[in-house]
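Biologist: Please take me through one part of this model in detail. I would like to see how the helices pack, and what lies around that packing.

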Amino acid sequence: MAERPQRALIDATKNATLLVLGTRGNDSPPRLLLGPVTQIALAEARCPVAVTPPP
């Protein structure tokens with residue numbers, strides 16, 4: 001059975017120094033800027049998390 005992306009990402013932060021994720025983009029309403037993976041990472045990551053806007 002395949003692992004859920006959120007769980008795989010959180011597990012990968014065990015030995016990480018920093019996790020960098022992106023937002024959904026400037027055209028999204030503020031409440032939708034952070035997707036479910038980013039929200040889980042902010043809550044459960046075992047290292048600092050940086051959320052960056054698109055280029």
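**The helix pair and its surroundings**

Modeller: Start with the two axes. Helix H1 (residues 5-12) and helix H2 (residues 36-44) have axes that come within 10 Å and cross at roughly 35°. The crossing is right-handed. Keep in mind that this is a predicted model.

Now the residues that touch. From H1 come Gln6, Arg7, Leu9 and Ile10. From H2 they meet Pro36, Val37, Ile40, Ala41 and Glu44. By character, the residues of this contact split into six nonpolar, one polar and two charged.

Next, where this pair sits in the chain. The protein chain holds two helices and two strands. Along the sequence, the order reads α-β-α-β. Of the 55 residues, 18% count as buried. Among contacts with a separation of 6 or more, 65% are between residues 24 or more positions apart.

Three residues of H2 deserve a closer look. Take Val37 in helix H2. Its relative accessibility is 30%, so Val37 counts as partly exposed. Beyond its neighbours within four places in sequence, Val37 is in contact with Gln6 and Leu9. Both of those residues belong to the H1 side of the helix contact. Ile10 is 27 residues away from Val37 along the chain, and their C-alpha atoms are separated by 9.5 Å.

Thr38 is also found in helix H2. Thr38 has a relative accessible area of 8%, and therefore counts as buried. What does Thr38 touch, leaving aside its neighbours within four places in sequence? Thr38 is in contact with Leu21, Gly22 and Val51. Leu21 and Gly22 lie in strand E1 (residues 19-22). Measure C-alpha to C-alpha in the model, and Thr38 and Leu21 are 6.7 Å apart, with their positions 17 residues apart in sequence.

Then comes Ala41, again in helix H2. Ala41 has a relative accessible area of 1%, which means that Ala41 is buried. Setting aside its neighbours within four places in sequence, Ala41 is in contact with Leu9, Ile10, Leu19, Leu21 and Val49. Thr13 is 28 residues from Ala41 along the chain, and the two C-alpha atoms are separated by 9.1 Å.

Ile10 gives the view from H1. Outside its neighbours within four places in sequence, Ile10 is in contact with Ile40, Ala41, Glu44, Ala45 and Arg46. Of these, Ile40, Ala41 and Glu44 belong to the H2 side of the helix contact.

Ile10 and Ala41 are also members of the largest nonpolar core. That core has five residues, and the others are Leu19, Leu21 and Cys47. In soluble globular proteins, nonpolar side chains tend to be buried together.

Leu19 and Leu21 lead on to the strands. In strand E1 they make up the covered face. Val20 and Gly22 make up the uncovered one. In a regular strand, side chains alternate between the two faces of the sheet.

How many bridges join E1 to strand E2 (residues 49-52)? There are four, and the two strands run parallel. Within this pairing, Val20 stands opposite Ala50 in E2.

Put the part back together. H1 and H2 cross at roughly 35°. Ala41 in H2 is in contact with Leu9 and Ile10, and also with Leu19, Leu21 and Val49. Thr38 is in contact with Leu21, Gly22 and Val51, whereas for Val37 the contacts beyond four places in sequence are Gln6 and Leu9.

Notes
Residues numbered from 1 in each chain as written. Predicted model: local features only at pLDDT ≥ 70, side-chain atom pairs only at ≥ 80, totals over all residues. Heavy atoms only, no water. Axes fitted to C-alpha atoms, helices over the stretch in contact; angles between N-to-C directions. Left-handed = near helix turned anticlockwise from the far one by under 90°. Contact = heavy atoms within 4.5 Å. Nonpolar A, V, L, I, M, F, W, Y, C, P; charged D, E, K, R; others polar. Buried < 20%, exposed > 50% of the residue type's maximum accessible area, 1.4 Å probe, protein only. Core = buried A, V, L, I, M, F, W, Y, C linked by side-chain atoms within 4.5 Å. Pairing = 2+ DSSP bridges.
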